[in-house]
Each structure stands twice: as structure tokens, then as C-alpha cells.
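Subject: Structure handover

Hi,

Here is the structure I promised to pass on. My notes on it follow below.

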Amino acid sequence: MKKLPPQILLSLRALAFYLLLFRREWLETLWFQLPYLPFIPFFDQIPTGLFCLPLIVIVYLAPFAILLNYRAALAARCLGIGLLLSLLSSMPLFGNSKCFLACLFLLGGSYQVGGWIYQMQLFLLYFGAGLNKLLQADWWNGYYFDFFAAEVFELAGYRYLTQYVDALLVAKISGILILLFELLLGLLFCFRAQIGLAIFLGFSFHVLMLLLSWGYLSFHFFFVSSVAYYLLFSTTKQSVGFGNKWMRNNLNIRLMTVLWVCFLLLQLGAEKWRYAW
């Protein structure tokens with residue numbers, strides 16, 4: 001059986017660690033709590049035990065198969081399908097970052113298709129998010145962003161700024177800028193020549209969201225997106241014409257391993273600190 005390229009294996013291992021460490025509540029719902037308000041009505045006809053038992057076996061064993069590099073590509077595809085089925089079986093369980101994670105497992109295990117499939121996923125992610133905001137009046141009038149920044153996350157920068165400027169005006173401008181940025185970013189991912197710029201802008205956007213919210217906002221998307229960017233960069237490096245030397249040696253693998261491990265440890269520490277307070 002053909003071995004996984006080291007960059008793909010590293011990415012899948014990073015996602016497996018993330019799933020086991022930070023998505024425990026998702027894994028716990030598999031213990032005979034599904035289906036519940038499914039997107040597909042047919043799922044309601046399947047007995048809970050019959051539906052959950054195969055998912056438990058797949059979703060709990062596949063991450064360890066990936067970490068041990070035992071049929072990692074097959075394990076990633078099965079894990080992605082299992083996670084997607086769990087999301088389709090419960091509307092309350094569904095989340096964009098969860099769906100993104102499940103798709104990355106599936107696509108990471110199907111890396112032979114080529115880098116274009118990661119481009120399309122990132123295009124759909126960002127352009128779809130921007131289009132969804134574009135069609136919602138609350139993103140244009142500022143009500144959603146104001147509630148989001150003032151009530152949900154209590155962003156200090158937003159509170160400070162709104163002492164001097166009308167809150168709804170700030171919220172309206174911020175909301176419109178975000179939806180336009182997501183639309184533009186999605187379009188950039190369609191062009192191989194713009195992949196470097198798209199990755200830089202996307203990474204900067206998620207870092208900014210993390211800083212503004214003191215780590216409360218965008219962690220999940222930041223980490224999963226960083227893996228998606230690395231997958232895209234490593235599978236299209238020769239097409240876009242940059243980073244070939246860096247991607248051919250093991251330096252990038254060691255560097256990304258250190259960065260992802262440090263980030264996961266920092267997030268674990270941050271969660272314990274928040275819980276203690």
C-alpha cells in the first residue's frame with residue numbers, strides 16, 4: 001500500500017490530536033444520543049444503537065490509526081465520513097468548523113485527487129460564509145455584529161471604540177468589511193497564482209480575530225484552517241512556483257510540528273485558566 005506523503009500524514013495527525021483534545025463533547029454525543037433532529041428524515045427511522053455503534057467504532061479507533069500511521073489514508077476517509085454522518089444526524093450538533101474538520105479528514109485521505117480539491121473546499125468555506133452574511137439583513141444593519149461583539153464575546157476593543165463612535169455604525173462597517181473580505185478571500189483561492197496571497201490574508205484574519213477576542217474567538221477555525229492552508233500549500237507547491245526547496249526537505253515538517261504542538265498546549269492551558277476563573 002502506498003505510503004502517505006509526510007506533509008499529509010502530519011496534517012492528519014494534527015487534526016486527530018485536535019479532535020481528541022478539543023472536540024470531546026462531539027465524541028460524547030456518539031454514545032447513543034443520535035439521531036436527534038436530523039437533516040435527513042430517514043435517519044429517524046434507524047434505531048439509535050444501530051446508528052451509533054458503527055460510528056463509535058470508526059470515530060474512536062480511526063484517530064489512533066492515523067496517529068500510528070496504520071492505513072492512515074483509509075482511516076482518515078472513514079473518520080471523515082463518520083463525522084459527516086454524525087453531523088447530518090443532528091441539527092443542534094452541526095457547526096461550520098465541525099463540518100470543515102470532517103471534510104479535511106475525508107479530503108486528506110483522498111490526497112491523490114490533487115491540490116485543486118483543497119482550493120475548492122476553501123473557496124466554498126469562505127465564499128459561502130460571505131454569501132450567507134450577504135443575504136442576511138442583520139449583517140448589513142449592524143445588529144448581529146453588535147450583539148456578537150458586545151454581548152457574546154464582550155470585545156474590549158469594540159467597547160472602547162463605541163465610547164466615541166456610534167455602536168451601530170461601527171458594527172455596520174465591521175460587518176460589511178468582514179463579509180466583503182470573506183467573498184474576496186474565497187475568490188482568491190480559486191486562482192493558483194494567488195494561493196500565497198490568499199493563505200497570508202486568511203491566516204492574518206484568523207490571528208486578528210484571536211487577538212481581538214483574547215483567544216475566545218476563531219480558535220477552532222484558526223487551527224483547522226492552518227492545517228488546510230498547509231495541505232493546500234504542500235500539494236500545489238510546484239504549480240504555484242514557490243517554496244519548492246523548503247517543501248522538499250524535512251524542515252517544514254519539524255517546524256509545523258513544533259508550531260502546532262505549542263499552539264495546542266497553549267490552548268489547553270488557556271482553557272484550564274478560563275475554567276479556573
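Let me start with two aromatic residues. Y18 is buried, and F223 is buried too. Please keep in mind throughout that this is a predicted model.

**The aromatic pairs**

A search of the whole structure turns up 20 aromatic pairs. One of them joins Y18 and F223. This pair is stacked, at 5.4 Å centre to centre and with 25° between the planes. Y18 sits in helix 1 (residues 6–22) and F223 in helix 12 (residues 219–240), so the pair ties together parts that are 205 residues apart in sequence. Y18 and F223 also belong to a cluster. Ring pairs link them there with F22, Y230 and W260.

Helix 1 has another contact to look at. L12 lies in this helix. With a relative accessibility of 0%, L12 counts as buried, because the cut-off for buried is under 20%. L12 and G108 are 96 residues apart in sequence. In space they are 6.7 Å apart, C-alpha to C-alpha.

**The overall fold**

The protein has 14 helices and zero strands. Read along the sequence, the pattern is α-α-α-α-α-α-α-α-α-α-α-α-α-α. There are 277 residues in the protein, and buried residues make up 46% of them.

**Salt bridges**

How many salt bridges does the structure hold? It holds two.

One is formed by K133 and E182. Their closest N and O atoms are 3.0 Å apart. K133 lies in helix 6 (residues 116–134) and E182 in helix 10 (residues 167–188), so this pair ties together parts that are 49 residues apart in sequence. Are these two residues buried or exposed? K133 has a relative accessible area of 14% and is buried. E182 has 8% relative accessibility and counts as buried.

The other salt bridge is between R23 and E25. Here the closest N and O atoms are 3.5 Å apart. R23 counts as buried, at 6% relative accessibility. E25 counts as partly exposed, at 38%.

**Helix 6 and helix 11**

Helix 6 has 19 residues. From its first C-alpha to its last it reaches 26 Å, close to the 27 Å expected at 1.5 Å a residue. Its buried residues include I117, Y118, Q119, Q121 and L122. F123, L125, Y126 and G130 are buried as well. So is K133, the salt-bridge residue above.

Helix 11 (residues 195–212) has 18 residues. It reaches 26 Å from its first C-alpha to its last, close to the 26 Å expected at 1.5 Å a residue. Which residues of helix 11 are buried? They are I195, A198, I199, G202, F205, H206, M209 and L210. They cover an arc of only 135° around the axis, which puts them on the same side of helix 11. On the other side of this helix, F200 and L211 are exposed.

**The loop between helix 2 and helix 3**

Please look at the backbone here. P35 sits in the loop between helix 2 (24–29) and helix 3 (48–67). A cis peptide bond joins L34 and P35, with omega at about -5°.

F32 is in the loop between helix 2 and helix 3. F32 is not a glycine, yet its phi is positive, at about 60°. With a relative accessible area of 44%, F32 is partly exposed.

L37 also lies in the loop between helix 2 and helix 3. L37 has a positive phi of about 50°, although it is not a glycine. Its relative accessible area is 47%, which makes L37 partly exposed.

**A nonpolar surface patch**

L37 is also part of a nonpolar patch on the surface. The other members are Y36, F39, I40, F42, I81, L85, L88, M91 and F94. Together, the patch residues have about 910 Å² of accessible area. One of them, L88, lies in helix 4 (residues 72–88). L88 counts as partly exposed, at 34% relative accessibility.

**Where to look**

If time is short, open these views:

- Y18 and F223, the stacked aromatic pair.
- K133 and E182, the salt bridge with 3.0 Å between the closest N and O atoms.
- L34 and P35, joined by the cis peptide bond.
- The nonpolar surface patch, with L37 and L88 among its members.

Best wishes

Notes. Residues numbered from 1 in each chain as written. Predicted model: local features only at pLDDT ≥ 70, side-chain atom pairs only at ≥ 80, totals over all residues. Heavy atoms only, no water. Patch = residues over 30% accessible without salt bridge, like charges linked within 9 Å, V, L, I, M, F, W, Y side chains within 5 Å. Areas by Shrake-Rupley, 256 points an atom, 1.4 Å probe, with all protein chains shown as cover. Salt bridge = Lys/Arg side-chain N within 4 Å of Asp/Glu carboxyl O. Helix = DSSP H or I, 4+ residues; strand = E, 2+ residues; numbered from the N terminus. Buried < 20%, exposed > 50% of the residue type's maximum accessible area, 1.4 Å probe, protein only. Expected span 1.5 Å × (residues − 1). Arc of directions from axis to C-beta. Phe/Tyr/Trp six-rings, centres within 6.5 Å; stacked < 30°, edge-to-face > 60°.
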